[in-house]
Amino acid sequence: METTAVILRGPREIGLGRLGLTEPGPRDLVVEISHSGISTGTEKLFYTGNMPPFPGMGYPLVPGYEAAGEIVEAGPETAYKVGQRVFVPGANCYEGAFGLFGGSTRRLVTDADRVTPIDPGLGAEGALLALAATARHALAGVDKKMPELIVGHGVLGRLLARLTIAAGAPAPTVWEINPDRATGAEGYEVIHPDNDPRHDYRTVYDASGNGGLLNDLITRIAKGGEVVLAGFYTDPLSFAFPPAFMKEARLRIAAEWEREDLIATRTLVESGALSLGGLITHSVPAEEAAEAYETAFNDPACLKMILNWGTVNDA
């Protein structure tokens with residue numbers, strides 16, 4: 001069995017190619033992908049060659065951990081049926097390429113335990129479930145407080161704000177310096193940080209991934225306040241100790257989502273409590289993958305780029 005997939009052969013060397021797939025076992029599913037998303041966080045680091053050493057990494061690799069599609073084969077030991085729509089957080093099923101992510105492909109093989117059933121009505125938005133689960137993971141849990149300030153109005157920042165409101169908490173303030181991203185707020189205010197006089201936020205969530213903001217964010221919290229690092233940071237983080245000392249600042253790192261976050265987020269979406277609308281700004285045929293990655297990483301107006309695999313004939 002073979003498939004057409006996006007192959008990153010080295011930094012900035014990307015395009016479609018053919019790869020062999022591992023044979024599915026009794027607990028495996030074969031999924032035909034209709035849509036996959038491009039991550040401007042970790043995928044960008046692989047694309048530019050700036051990703052720090054990471055278990056399972058290497059080139060060539062198939063990127064993508066945001067994929068939605070339809071089951072075309074179901075092993076006898078799975079509880080799934082052909083035709084079911086599922087979200088797939090990538091797959092490691094390729095011959096001759098790493099599958100650390102592995103979701104940007106027309107077809108993949110995956111263990112049934114990795115997928116999550118989704119409403120077919122979600123369409124391309126079904127590929128956003130991992131991002132929403134990442135936001136939910138940052139918020140949910142014991143002793144975690146909802147954000148009063150969110151830094152960055154990209155997809156993650158918007159999802160954090162929407163989840164905060166869905167939880168019944170007061171609407172957060174969101175900082176954004178790029179005018180292209182300052183629009184699209186739903187029930188909360190987006191302002192430039194220069195126009196925000198507050199220095200008493202109890203919880204600040206950084207969704208920008210810019211570690212250079214840490215000192216400024218510490219000055220914006222109330223005494224005993226918390227800064228949550230919800231992005232991904234490649235460079236070592238540092239901060240001036242005296243201001244943090246005076247504030248008795250707390251720092252927390254939000255890691256990647258877990259399966260319970262995915263299930264809880266799916267429930268919120270299907271109940272109508274959380275909307276994934278308005279987050280996909282660009283969608284192109286998968287044949288245009290090389291150009292799509294450049295746009296996703298370099299165009300500030302691109303919130304989320306989706307590859308449409310429906311135009312790829314994998315026969």
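No disulfides were found in the predicted model, the count being zero under a rule that requires a pair of cysteine sulfur atoms within 2.5 Å. Two cysteines were examined for burial. Cys93 counts as buried at 1% relative accessibility, and Cys302 is also buried, with a relative accessible area of 1%. Here, buried means under 20% relative accessible area, exposed means over 50%, and partly exposed lies in between (1.4 Å probe, protein chains only). Residues are numbered from 1 along each chain as its sequence is written, and side-chain values use heavy atoms, with hydrogens and water left out. Because this is a predicted model, local features need pLDDT of at least 70 and side-chain atom pairs count only at pLDDT 80 or more, while totals for chains, interfaces and linings use all residues.

Strands and helices were taken as DSSP runs, numbered from the N terminus (helices: H or I, at least four residues; strands: E, at least two). Two strands were taken to pair if DSSP finds at least two bridges between them. In general, strands of a sheet pair through backbone hydrogen bonds, either parallel or antiparallel. One open sheet has three strands in the order S1-S2-S6, with antiparallel pairing. Strand S1 (2-10) and strand S6 (94-95) stand at its edges. Each has a single partner strand, so one side of each is left without a neighbour in the sheet. S1 pairs with strand S2 (residues 13-21) over eight bridges in the antiparallel sense. Within this pairing, Glu2 stands opposite Gly20 in S2. The loop between S1 and S2 holds Arg12. Arg12 is not a glycine, yet its phi is positive, at about 65°.

Further antiparallel pairing involves strands S3, S4 and S5. Strand S3 (residues 28-38) pairs with strand S4 (residues 67-74) over seven bridges. Leu29 has Ala74 in S4 as its bridge partner. S4 in turn pairs with strand S5 (residues 85-88) over four bridges, again in the antiparallel sense. Here the bridge partner of Ala67 is Val88 in S5. The loop between helix H1 (42-48) and S4 contains Pro60. The peptide bond from Tyr59 to Pro60 is cis, with omega near -5°.

The interior was then described by its nonpolar cores. A nonpolar core is a set of buried Ala, Val, Leu, Ile, Met, Phe, Trp, Tyr and Cys residues joined through side-chain atoms within 4.5 Å. In soluble globular proteins, nonpolar side chains tend to be buried together. The largest core has 44 residues. Val31, Ile38, Tyr94, Leu108, Tyr293 and Leu307 have the most contacts inside this core. Apart from it lies another core of 35 residues, including Ile118, Leu131, Leu160 and Val228. Contact means heavy atoms within 4.5 Å. Leaving aside neighbours within four places in sequence, Leu108 touches several residues, among them Leu29, Val31, Val88, Cys93 and Tyr94.

Helix H3 (residues 155-166) has 12 residues and reaches 16 Å from its first C-alpha to its last. This is close to the expected 16 Å, the expected span being 1.5 Å times one less than the number of residues. Of the 12 residues of H3, 10 are buried, so the helix is largely enclosed by the rest of the structure. Its buried residues include Val155, Leu160 and Thr164. They pack against H2, strand S9 (149-151), strand S10 (173-175), strand S12 (201-206) and H6. H3 is followed by Gly168, whose phi is positive, near 85°.

Helix H6 (residues 259-271) has 13 residues and spans 18 Å, close to the 18 Å expected. Asp261, Leu262, Thr265, Arg266 and Val269 are its buried residues. Seen down the axis, they fall within an arc of 135°, so they line one face of the helix. The arc is that of the directions from the helix axis to the C-beta atoms. The face turned away from the buried side carries the exposed residues Glu260 and Ser271. Cover for the buried residues of H6 includes S5, strand S8 (116-117) and helix H2 (129-139). Just after H6, Gly272 takes a positive phi of about 90°.

Thr295 lies in helix H7 (residues 289-298). Thr295 is partly exposed, with a relative accessible area of 25%. Beyond its neighbours within four places in sequence, Thr295 is in contact with His282, Cys302 and Met305.
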